[in-house]
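Here are some exercises to work through with the structure open beside you. Try each task before you read its solution.

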Amino acid sequence: MYVAVKGGERAIRNSHELLAEVRRGDPAVPELSLEQIKQQLKLAVDRVMTEGSLYDPDLAALALKQAAGDAVEAIFLVRAFRATLPRLGYTEPLDTSRMRLWRRVSATFKDLPGGQVLGPTYDYTQRLLDFSLLEPASKAAAPEDERAADAMPRVVDLLDGEGLVERHEPPAGDPDPLDLTREPLRFPAERSVRLQNLARADEGFLLAMGYSTQRGYAHTHPFAGEIRHGAAEVEVIPEELGFPVVIGEVALTECQMVNQFAGSKTEPPQFTRGYGLAFGHCERKSMAMALVDRALRATELGEEVESPAQMQEFVLSHSDSLEASGFVQHLKLPHYVDFQAELELVRKMRRSA
Amino acid sequence: MRDERFNFAFLDERSKRMIRRALLKAIAIPGYQVPFGSREMPLPYGWGTGGIQVTASVIGPNDVLKVIDQGADDTVNAVNIRRFFQRTTGVAVTERAPEATLIQTRHRIPETPLHERQIIVYQVPVPEPLQRLEPREAETRRMHGLAEYGLMHVKLYEDIARYGHIATTYDYPVMVNGRYLTAPSPIPKFDNPKMNMNPALQLFGAGREKRIYAIPPYTRVESLAFEDHPFEVQRWDAACALCGSRESFLDEVVTDDRGGRLFMCSDTDYCAGRQAAKAAAA
């Protein structure tokens, strides 16, 4: 007599033990420390913090170690950890015009107040494998005065002086934005909600959506007004004090795209804006986010909604790596019952055909 | 047994309260999808996070929990979810459907009839029955508001015109309390009649889609049909090879590479109970 496969309990336990062994690899090789991951895989840590919506390099490094370097899995771990943390309060809005900058470039002006600061970037490296890294390198030292620049005005604020770029005043009464980590996404979603969604969105997805806007699927004519990477102070106003107190700094990458706009019945021709922001150093992500943010403003700006990147239900419902990865991979779960039902149906159809 | 480093049932009390408020609204409006602030759970979306959040919000220390997937208690995902609740609540667990106060399920309703002192929690991948016909939520919400379900009737009619019968075998749409078109979750349509006037409270959680809905005890649940094409459930020519049942939903098992097949109950508890009764009688 055939007996169906049993023993899920033991199978899971064995699988966990195998996973631990595979994660660790050859025990003769020294184990990775969190400090190594934080220092030497910094961009992976930054991505996990950004999409994990939690600014904590130690936990992001731990998640990467636990996930054997799988970014999406590490993001999942961080999100599940943060989901039930109590919400103790909200910070004041970050003032990115006062950031301590490590890098700042603009593609719209050759020179501008504060200048172009190239900083650490892969942009102008030649992508040749550097075989010198095969061996542990001696310490690399950069010139001291190139480390960080003082605060400098944002490019869009310079354009704003001429009234050539749209202004984004807070809405009347400056209402609290909906908190997407506490409330479900509803449609139509206002811009503050869309930006929260995009900030947590999968980088690969946003990159492809942003890219599609450059290839005829939504014409937004973008210019990289400014990309800045540096550290911004985080302030809270404790109830018992009533004035802002700095509680720390976060590293950020901010991108302001400026886009051509021919004007409408109520607005003169001017430049519109798309906005991107990420924790740490995530330029690809913040630029793609800015492109998609601008594309999603189509309805507000009276543009025809024709392309996926302009459709909020399409973009916002499919941007989250946890949702996408979970649902795609749930196909691994047993579907015996549904498949049995379909099997019967196909047989029935073939009989009657 | 219980891991004290986590809050009881993992979720913090505020999140549970938020979910219970959504559940109350859902029970008050049978079949209506209530949006809720779904949390990221330590299991992936699509693997039961909605059901897990509902269970976590209603479970108490005296509950007796049963978890099934495809009707079985010992499939790996059911085992994993049961272990999660054992670890975070320490509650008693059972495989016996009548003994459970709380049953979390994926894709089946137990064959043994439920009773009044039970809650059944369904894991729901796609709560919107109209989604395959109209992907825009803003549109489907309007259709529900106006009870405008012509789109679904046309789809079923087209099935009949094309195949001579309705070609939907699972997640077969139901009308709850004569008002809301509702997805029963991907249970086989075989199980649909069990939802009607069921004495147990039926709760539905969709974590990824962030929706909760409910069917209160003794609520009318009708599977969509036409007068000349009444609703029918699957029937098998075979009986269960283990317990001999001809009434239960049967899974087909491939026994060799020469076309050998046999059928057995998808509900392992029901099947084991019948086998034990037969052994006792013999």
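Domain bounds, as used below, come from an automatic or database domain assignment. The model is predicted, so please read every value as computed from it.

**Exercise 1. Into which domains is chain B divided, and how many residues does each domain give to the contact?**

Solution. Step one is the division: domain 1 of chain B covers 13-127 + 174-222, and domain 2 of chain B covers 235-282. Step two is the spacing, and here the C-alpha centres of domain 1 and domain 2 of chain B are 26 Å apart. Step three is the contact, to which domain 1 of chain B gives 14 residues and domain 2 of chain B gives 7 residues. Sorted by class, the side of domain 1 of chain B that touches domain 2 of chain B has 5 nonpolar, 3 polar and 6 charged residues.

**Exercise 2. Describe helix H7 of chain B and find which of its residues are buried.**

Solution. Start with the length: H7 of chain B runs over residues 268-281, which is 14 residues. From first C-alpha to last, H7(B) reaches 20 Å, close to the 20 Å expected at 1.5 Å a residue. Next, look for burial, which here requires 20 or more other C-beta atoms within 10 Å of a residue's own. In H7(B), Thr268(B), Asp269(B), Tyr270(B) and Cys271(B) are buried. Finally, ask what covers them: the cover includes E12 of chain B.

**Exercise 3. Which elements of chain B give two or more residues to the side that touches chain A?**

Solution. Begin with the totals: 47 residues of chain B are in contact with 41 residues of chain A. The elements of chain B that give two or more residues to this side are helix H3 (76-89), helix H4 (137-145), strand E11 (250-254) and strand E12 (261-265). H3(B) supplies the largest share, 4 residues. By class, this side of chain B has 20 nonpolar, 15 polar and 12 charged residues.

**Exercise 4. Work out the order of the strands in the sheet of chain A, and name its edge strands.**

Solution. Chain A has 12 helices and 4 strands. In chain A, 4 strands form an open sheet in the order E1-E2-E3-E4, with antiparallel pairing. Its edge strands are E1 (100-105) and E4 (270-279) of chain A, each of which pairs on one side only. Neighbouring strands of the sheet are turned by 20 degrees against each other on average, direction ignored. Now zoom in on one pair: 10 bridges join E3 (residues 245-261) of chain A to E4(A). Cys255(A), for instance, has Gly276(A) in E4(A) as its bridge partner. To finish, add helix H9 (residues 283-295) of chain A, which packs on the sheet and touches E2 (222-236), E3 and E4 of chain A. The direction of H9(A) makes about 140 degrees with that of E4(A).

**Exercise 5. Which element gives the largest share of the side of domain 1 of chain A that touches domain 2 of chain A?**

Solution. First, set the bounds: chain A is divided into domain 1 (8-82) and domain 2 (96-119 + 149-168 + 182-321). Their C-alpha centres lie 30 Å apart. Each of these two domains of chain A gives 11 residues to the contact. On the domain 1 side, helix H3 (42-52) and helix H5 (71-82) of chain A each give two or more residues. The largest share, 7 residues, comes from H3(A). This side of domain 1 of chain A divides into 6 nonpolar, 2 polar and 3 charged residues.

Note on methods:
Residues are numbered from 1 along each chain as its sequence is written. Chains are lettered from A and ligands numbered from 1 in the order in which they are written. This is a predicted model: local features need pLDDT of at least 70, side-chain atom pairs count only at pLDDT 80 or more; totals for chains, interfaces and linings use all residues. Ala, Val, Leu, Ile, Met, Phe, Trp, Tyr, Cys and Pro count as nonpolar, Asp, Glu, Lys and Arg as charged, and the others, Gly among them, as polar. The expected span of a helix is 1.5 Å times one less than its number of residues. A residue is buried if 20 or more other C-beta atoms lie within 10 Å of its own, exposed if 12 or fewer, and partly exposed in between; C-beta atoms are placed from the backbone. Two strands pair if DSSP finds at least two bridges between them. Axes are lines fitted to C-alpha atoms, for helices over the stretch in contact, and angles run from 0 to 180 degrees between N-to-C directions.
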